[in-house]
Amino acid sequence: MDEAEAIRKLVAARQHLKTSLDKSRDIASALANAGPRLRDKARRLASLEAELVPIQKCNSFAVGDQIDHVVGLASALLNVVNTVSELQKSLMADSCSQLSSYLSVMERFENAFEFLSDNCGLIIQWLEGIVQFVEDNRIVNDQRLLNVKNSLENLRELQVAENNGRIDGGPLSLALNKLELEFRRLLRDHSVSLHLAPALLTSENQDFIGFSLLPESIVQKLQLILTKLKANDRIENCISIYIEIRSSNAEQSLRTLGLDYLETSVDELSNMQSIEDHINRWSKHLELAVKHLYEPECKLCNDIFEKIEPEVRTKCFAEIASQSGFLPLLQFGRKVTQTKKDPIKLLNLLDIFLVLDNLRTDINKLFGGKACTEIQATTRDLVKHVVNGICDVFSELPIQVELQRQGCPPVDGGIPSLVSFVTDYCNKLLGNHYKPILNQILIIHQSWEKTCEENLLENQIYLIIKELALNLDSWAKAYQDMSKSYYFMMNNHCHFSNLKGSKLGEMMGDEWLNAHSQYKEYYAALYLRESWGEVLSLLNQKGQLPYEGEKSRDIDLLKRRVKMFSQAFEQTCKRQSKWVIPDEGLRERICLLLVQAIVPVYMKNFEALIEQDRGAAKYLKYTAESMGTMISSLFRPMNCLKEPLKTEVLSREKVHFSISKWADGKPQKPIIRSDTPEA
């Protein structure tokens, strides 16, 4: 077994040795064949090395030319610096007063800087690349490399200088600063405050509207400066300068109006006897400010910032209006809305709304931009409170009249101040000045409240007059003297009947006016009967002795009657000496009627007495003339001069009250439709 294994291993070794000998023969044959090829490659490499030597020399010369070319460009670029330096001296030394020349120099300076900025960095990159290439390949002499490095250093310094020229403190920055100063100087020297006189509101001065606040040449210079600063992102300072100077100028212009009253507090306004003067001044001042100050100011803003974004223009104008004092003007109107409620406040608020409505288009045009939100909000708030204030007072007018019912009637039996005030007040509300604007406000308020009621103004006036009539009835009953009650009603019905031809009379209608005319005569007859009937009854109407044949007794009776009449006449005149009849026509008619009713009867009795007894004249206290003078002096207001009765004008036929109407019996009350108010 061991012998067999040994023979097998021996056979395997023999086979491996044979295989190795075969491979050695193949390698020897391959090496013999590769020798000629290697010798051929060696010859070709030697030939290529010889060919590369002249090529290397040629490339060296080409790189040198490129270096010279780039160094030449760098030198030319450095020459531009000399020009920039000269321009810089001009910018620093010259004044901006010759603006066009200065801007021309500045333009050349900026162009040179732009040229340096565009080329300096590129040439530096070229030189840096050449230095790196030369140092890596050592293909030029040291002198050329030194030139390249010197040029590179100079250009790097130039690039630093160019960058410094644009930062704060650099020549370009300083030049822009000078332009800003020139902008301020031009604005300051040519901004002149306006004298806003009320005469500007007249039609003769309408040419004032639309004029320019600055000369055209100055506007053009300011535009040039802004254009240059805008190109360099330096416009913000000029915007601040413009707002500062123009707002100060506008504020000085407003001061010429005398606006001290704007500082009046709400309490002070409420306690004033009358604020109409303040409101009239405010109305004129607001119109002057809007049309003759802020409208030209807005136009100037648009002209100067014409080539700048629209937002800049609206921002500047909004700031000028706010800082100059336009908001306090609007806020004064708001103060008036906060005063205590009374009928006069309604008229004041109507005046304020009328001004705002007339200026609505101008205000919307001037302050409609986004930058004017504060002014817009203030204006809307003012309009809202004015409308609500008007409607609040208007709705309470009947209540205000009713609240006066507990008061006392006038001691002179004349027209209560409330009656005169209410009728005058209603005439104003119905007049051409207030009625359209009040109707407009009522419609606006109803639209806000989402309600609808037609003829609201007229219906409210009817309610006011109704409450006034109830007041008159209550006051008439307050008199202890019935004759004075009749006298009072006569006066007030006369007052209402005299409203014919007025706006209130037109609204109430002819039937209402005629009713008051009839009531006037009815109460006049009652007054005469109640007050003077007893006096007249003391006289013998026929002026004759009542009993013939008993003369002595009759004469004594007549004497007593004349004496009693004189005392009663004197007491009646004294009692009514403070009574007044405000209407001149009614006063003269009443006096004339009394004279015609009393004096002739008195004189008849006087004549009868004198005929019987010549010594009886001492019992007669009054002559016809003195009695007529006493009667004609009655019923006159304090401010009415005492003039003799115009008997030649008011004849007996023109007196509407007949003597019999009040001397012989009670007058008949006029028959009037039930739906016609007595007052």
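**Close-up views of a predicted model**

**View 1. R234 and E180 form a salt bridge in this predicted model.** Their closest N and O atoms are 3.3 Å apart. The pair links distant parts of the chain, 54 residues apart. R234 sits in the loop between α5 (216-231) and α6 (236-255). E180 belongs to helix α4 (residues 171-190). R234 has 16% relative accessibility and so counts as buried, the cut-off being under 20%. E180 is buried too, with a relative accessible area of 9%.

**View 2. E396 meets K341 in a salt bridge.** The closest N and O atoms of this pair are 3.4 Å apart. Both residues come from loops. E396 lies between α13 (373-395) and α14 (397-403), while K341 lies between α10 (326-337) and α11 (343-358). The bridge therefore ties together parts that are 55 residues apart in sequence. E396 is partly exposed, at 26% relative accessibility. K341 is also partly exposed, with a relative accessible area of 46%.

**View 3. D510 and K500 join a helix to a loop through a salt bridge.** Here the closest N and O atoms are 3.6 Å apart. D510 is in helix α20 (residues 510-537). K500 is in the loop between α18 (482-497) and α19 (503-508), so the bridge ties together parts that are 10 residues apart in sequence. K500 has a relative accessible area of 57% and is exposed, because the cut-off for that class is over 50%.

**View 4. Salt bridges link four residues into a network.** The members are E182, R185, R188 and D189. In total, the structure holds 17 salt bridges.

**View 5. Helix α8 (residues 276-304) carries a kink.** The bend is about 35° and lies at Y294. The proline P296 follows shortly after. What span should the 29 residues of α8 cover at 1.5 Å a residue? The expected value is 42 Å. The end C-alpha atoms are 40 Å apart, which agrees with that expectation.

**View 6. K291 is a residue of helix α8.** K291 counts as partly exposed, at 22% relative accessibility. The cut-off for buried is under 20%, so K291 falls outside that class. K291 and L366 are 75 residues apart along the chain. Their C-alpha atoms are separated by 9.8 Å.

**View 7. V387 is a buried residue of helix α13.** The relative accessibility of V387 is 0%. Which residues does V387 touch, not counting those up to four places away in sequence? The partners are F353, I441, I444, H445 and W448. V387 and I444 are 57 residues apart in sequence. In space, C-alpha to C-alpha, V387 and I444 are 7.9 Å apart.

**View 8. Q446 lies in helix α16 (residues 435-449).** Is Q446 buried or exposed? Q446 is buried, with a relative accessible area of 12%. Leaving out residues up to four places away in sequence, Q446 touches T451, C452, E453 and L456.

**View 9. Two stretches have pLDDT below 50.** The protein chain averages a pLDDT of 77, and 63% of the residues score at least 70. Residues 543-550 form one stretch with pLDDT below 50. Beyond near neighbours in sequence, residues 543-550 have 11 contacts in the model. Residues 646-663 form another stretch with pLDDT below 50. Beyond near neighbours in sequence, residues 646-663 have 45 contacts in the model.

**View 10. The protein chain has 24 helices and 0 strands.** The chain holds 679 residues, and 44% of them count as buried. Among contacts with a separation of 6 or more, 82% come from residues 24 or more positions apart. The accessible surface comes to about 37,400 Å². Carbon and sulfur atoms account for 51% of that surface.

Technical notes
Residues are numbered from 1 along each chain as its sequence is written. This is a predicted model: local features need pLDDT of at least 70, side-chain atom pairs count only at pLDDT 80 or more; totals for chains, interfaces and linings use all residues. Side-chain values use heavy atoms; hydrogens and water are left out. A salt bridge is a side-chain nitrogen of Lys or Arg within 4 Å of a carboxyl oxygen of Asp or Glu. Helices (H or I, at least four residues) and strands (E, at least two) are DSSP runs, numbered from the N terminus. Buried means under 20% relative accessible area, exposed over 50%, partly exposed in between (1.4 Å probe, protein chains only). pLDDT is the predictor's confidence in each residue, from 0 to 100. Contact means heavy atoms within 4.5 Å. The expected span of a helix is 1.5 Å times one less than its number of residues. The bend at a residue is the angle between axes fitted to the seven residues ending there and the seven starting there. Accessible areas come from the Shrake-Rupley method with a 1.4 Å probe; for residues, only the protein chains shown count as cover.
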